Amino acid sequence: MLSTMGYRIIDSHAHIGPYFNFFIPFNNAKDMLKTMDLSGIEATVISSNAAISSDVIMGNKYTLETVKTYPGRFLGHFMFNPNYAEEMKRYVPEYFKNDGIIGFKIHPELSGDYPMPGKGYRYMWEYSNKHRIPVLFHTYFGGDRLEVIEAVAKDYPDSPMLIGHGGSDLGIEKTVDLVNKYPNLYYDMCSPCNKKYGAIKLVAKECNPDKVLFGTDTPWNDPDLSVGAILLSEVEDSIKRKWFSENFFRLYKRASKMLVP
Amino acid sequence: MIKQEVLEEIRQLEFLDLSVILGRPGVPSTGGFYCEKENALEEMKRLGVKNALTYHITSKGYKPVYGNKRLIAEIGETKELLISWILIPDEEEMGCTPSQFIIKLKENNVKAVRLFPASQSNASVSTRYSFTKWFYGDFMEALEKDKVPVILSFNPHRRAEPEWDKIFSLASEYPDLPIILTDVFTRATLSLVKLMKLKPNIYVQTTGLCLQRQLEFMVDKLGPERFIAGSNYPDMHLGAMIAQVYLANLTYKQKKLIAGDNARCLMGIIKNGGSE
């Protein structure tokens with residue numbers, strides 16, 4: 001089978017649960033595990049859809065419960081909603097006592113177009129910078145520009161930052177240049193860039209291979225499309241291994257408590 | 001390297017990619033890539049894709065009659081590549097009557113016709129000709145008579161949806177006309193399922209079903225005969241199309257239908273696409 005071509009695949013960008021804006025089939029943990037098995041994905045890092053778009057307290061709890069119920073298969077991103085910065089501060093230390101919570105997720109778009117350098121995010125950046133906890137942030141056409149991302153990366157040099165969706169709407173070439181320039185910036189090879197023929201070629205050719213992590217955005221996306229496009233690409237095997245899991249273990253050091261690197 | 005046994009399993013599914021685009025577009029794919037015949041053939045061979053239904057980008061981005069002719073000239077006798085023409089359903093634009101158009105399709109071995117009716121200004125709601133029976137009726141009637149598949153793309157913005165009523169009307173007016181939708185329906189599963197239940201002449205290209213297991217979900221509701229593999233290469237990767245079908249939680253027979261046999265059946269290349 002394609003899914004057993006010898007690669008170890010960790011999905012570092014995914015979600016779980018229903019979403020208000022449209023119907024998502026098979027969005028619960030058991031069904032997603034089946035999907036992961038079919039697609040050959042060993043473990044998936046989730047932030048619940050409830051956390052990113054609804055009640056963040058309830059949503060983070062959903063993430064944590066899933067992580068605890070399926071250790072080693074699901075890992076968690078703590079969704080930091082800057083609109084509730086004070087409440088978030090109370091929860092962050094508590095959540096990071098759990099080995100399965102391995103990073104932050106922020107979604108400026110679904111947090112009301114909240115700017116990344118805004119006051120509400122400050123505590124999170126400082127915490128991430130102090131403890132070197134990765135932050136995966138969503139990007140989109142209407143969000144913060146690459147210049148803003150660059151400024152944040154400079155302000156928090158010990159905070160590892162994953163540019164969500166490979167900055168697809170910001171210009172993949174420019175995003176790759178930025179990732180190559182700053183040691184704490186990483187490229188999130190998550191939909192749509194990991195399904196696009198030219199984007200895969202471009203990232204393989206231009207981006208530091210040690211700074212690209214694989215993600216699927218499941219269940220918003222079908223992981224087979226993302227897994228298949230990269231597995232069946234002409235990208236060198238050694239680079240595929242880095243994208244699929246080796247870089248993940250280097251970046252998400254907390255994950256080694258849950259998975260054998 | 002792709003393992004030989006994997007390639008062999010892919011080959012056995014006999015993929016026919018419904019949407020491969022040839023020619024130099026105004027905006028190339030990421031990295032400046034666009035696709036000529038040789039690029040398509042090389043990638044298809046590398047990944048075990050048997051056939052592709054092509055169209056020329058100038059048919060869409062310049063003038064249908066020009067691009068359609070150019071496609072014929074460029075493909076020549078290449079048996080792996082099949083021909084689809086873009087139609088603006090108007091005699092003035094196409095330079096022929098509907099019946100003459102049908103004759104041309106047969107003479108040139110054209111397997112399907114594509115419609116890109118959306119206007120540049122607002123693809124979700126606005127069309128560059130009136131997408132109604134009084135405008136397209138004569139051509140659609142001729143196509144229906146010969147059961148020529150019509151591949152319909154509105155190309156709305158990625159978070160928008162095509163106007164459902166336009167699709168519903170076309171499918172209602174011409175119930176024997178096979179209509180294959182190629183837009184992205186990530187956010188529209190419920191509407192799409194209901195529409196396809198109501199209109200059995202509607203089919204969907206697989207890469208429009210991007211949600212997790214959306215393909216399997218819809219096959220469960222509607223059967224495998226309604227789904228057609230298609231990549232939109234060179235924008236998207238052929239591997240994405242292949243893996244979505246190959247790794248699906250479906251039976252081998254269902255996968256084979258979706259991979260290529262449904263399309264071949266609709267295009268009259270094989271009889272009886274078969275169903276389980």
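1. A good place to start is B:D138, which lies in helix α7 of chain B. Helices here are DSSP runs of H or I with at least four residues, strands are runs of E with at least two, and both are numbered from the N terminus. At 39% relative accessibility, B:D138 counts as partly exposed. The scale runs from buried (under 20% relative accessible area) through partly exposed to exposed (over 50%), with a 1.4 Å probe and protein chains only.

2. Before going on, a word on the source: this is a predicted model, in which local features need pLDDT of at least 70 and side-chain atom pairs count only at pLDDT 80 or more, while totals for chains, interfaces and linings use all residues. Residues are numbered from 1 along each chain as its sequence is written, chains are lettered from A and ligands numbered from 1 in the order in which they are written, and side-chain values use heavy atoms, leaving out hydrogens and water.

3. B:D138 has company: together with B:E91, B:E92 and B:E141 it makes up a patch of negative charge on the surface. Two elements of chain B, α5 (91–94) and α7 (133–145), each give two or more residues to this negative patch. Patch members have over 30% relative accessible area and no salt bridge, and like charges are joined within 9 Å. Asp and Glu count as negative, Lys and Arg as positive, and His and the chain ends are not counted. The place of a charge is taken as CG of Asp, CD of Glu, NZ of Lys or CZ of Arg. The accessible areas come from the Shrake-Rupley method with a 1.4 Å probe, and for residues only the protein chains shown count as cover.

4. Helix α9 of chain B (residues 189–198) is worth a look for its two faces. Its buried residues are B:T189, B:L192, B:V193, B:L195 and B:M196. They cover an arc of only 165° around the axis, so they sit on the same side of α9(B). That arc is taken from the directions from the helix axis to the C-beta atoms. On the face of α9(B) turned away from the buried side, you will find the exposed residues B:L190, B:K194, B:K197 and B:L198.

5. Now the charge pairs. Side chains of opposite charge can pair when their charged atoms come close. Over all chains, a search of the whole structure finds 25 salt bridges, each being a side-chain nitrogen of Lys or Arg within 4 Å of a carboxyl oxygen of Asp or Glu. In chain A, A:R8 forms a salt bridge with A:E42, and their closest N and O atoms are 2.6 Å apart. A:R8 lies in the segment before β1 (9–16) of chain A and A:E42 in strand β2 (residues 41–48) of chain A, so the pair ties together parts that are 34 residues apart in sequence. A:R8 counts as partly exposed at 27% relative accessibility, and A:E42 counts as partly exposed at 28%.

6. Which side chain meets B:E14 in a salt bridge? The partner is B:K256, at 2.9 Å from N to O. This pair links distant parts of the chain, 242 residues apart: B:E14 is in the loop between α1 (4–12) and β1 (16–22) of chain B, and B:K256 is in helix α12 (residues 252–266) of chain B. B:E14 counts as partly exposed at 25% relative accessibility, whereas B:K256 counts as buried at 17%.

7. Another salt bridge joins the side chains of B:R70 and B:E74 (2.8 Å, N to O). Both residues lie in helix α4 (residues 64–75) of chain B, four residues apart, about one turn of the helix. B:R70 counts as partly exposed at 27% relative accessibility, and B:E74 is partly exposed at 25%.

8. Finally, some backbone details in chain A. Most residues other than glycine have a negative phi, and most peptide bonds are trans. The bond from A:S191 to A:P192 is cis, with omega near 10°, and A:P192 lies in the loop between β7 (185–189) and α8 (197–206) of chain A. The bond from A:T218 to A:P219 is also cis, with omega near 0°. A:D217 is not a glycine, yet has a positive phi of about 70°; A:D217 lies in the loop between β8 and α9 of chain A and counts as buried at 6% relative accessibility.

Terms used: Patches are made of residues with over 30% relative accessible area and no salt bridge: like charges are joined within 9 Å, nonpolar side chains (Val, Leu, Ile, Met, Phe, Trp, Tyr) within 5 Å.
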